[in-house]
Amino acid sequence: MTQAPQHLYTRQDDIARMEALILQLPDEAKVELKLTDGGSITGIVPVRPSVQVFRDAEGREGFNAVVRIDDGTRPEVAHYLWLDRIASVTALGSA
């Protein structure tokens with residue numbers, strides 16, 4: 001994913017929330033993600049995401065992270081999601 005995130009975070013509690021989500025997204029985990037917009041995605045996390053530094057259009061720095069989820073029902077589809085779009089993670093086992 002090459003685009004910039006819609007939201008950047010600098011507050012420690014926001015970064016801690018992302019790090020807590022990352023702990024729930026280990027390599028090869030099968031998960032169901034509930035999204036902040038009410039949707040959900042079920043699939044496999046091929047690689048654990050990590051918090052990264054991004055810049056917005058004005059050059060301000062902040063943090064976000066993106067996770068790849070290989071779709072559970074359509075294996076040829078990969079979803080790339082910004083962590084701030086994830087409301088909750090439910091572990092469903094491992095791949």
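In this predicted model, V31 is in contact with residues from several separate stretches of the sequence, its neighbours within four places being left aside. These contacts include Q24 and L25, then I41, T42, G43 and V45, then I69, and finally V89, T90, A91 and L92.

The nonpolar core gives this list its context. V31 belongs to the largest nonpolar core, a set of 19 residues, and is one of those that touch the most other members, together with L25, L33, V67, I69, L83 and I86. Two or more residues of this core come from each of α1 (12-23), β1 (29-35), β2 (40-45), β5 (66-71) and β7 (86-94). Two of the residues in contact with V31, L25 and I69, are also named among the core members that touch the most others.

The loop between α1 and β1 contains E28. This residue has a positive phi of about 65° although it is not a glycine. Is E28 buried, partly exposed or exposed? E28 counts as partly exposed because its relative accessibility is 39%, which falls between the limits of 20% and 50%.

A further part of the structure is the hairpin formed by β3 and β4, with five residues between the two strands. In the turn, G59 has a positive phi of about 85°. Strand β3 (residues 52-55) pairs with β4 in the antiparallel sense, over four bridges, and V53 has F63 in β4 as its bridge partner. Strand β4 (residues 61-64) presents two faces: G62 and N64 lie on the covered one, whereas E61 and F63 lie on the uncovered one. F63, the bridge partner of V53, thus belongs to the uncovered face of β4.

Definitions and conventions: Residues are numbered from 1 along each chain as its sequence is written. This is a predicted model: local features need pLDDT of at least 70, side-chain atom pairs count only at pLDDT 80 or more; totals for chains, interfaces and linings use all residues. Side-chain values use heavy atoms; hydrogens and water are left out. A nonpolar core is a set of buried Ala, Val, Leu, Ile, Met, Phe, Trp, Tyr and Cys residues joined through side-chain atoms within 4.5 Å. Buried means under 20% relative accessible area, exposed over 50%, partly exposed in between (1.4 Å probe, protein chains only). Contact means heavy atoms within 4.5 Å. Two strands pair if DSSP finds at least two bridges between them.
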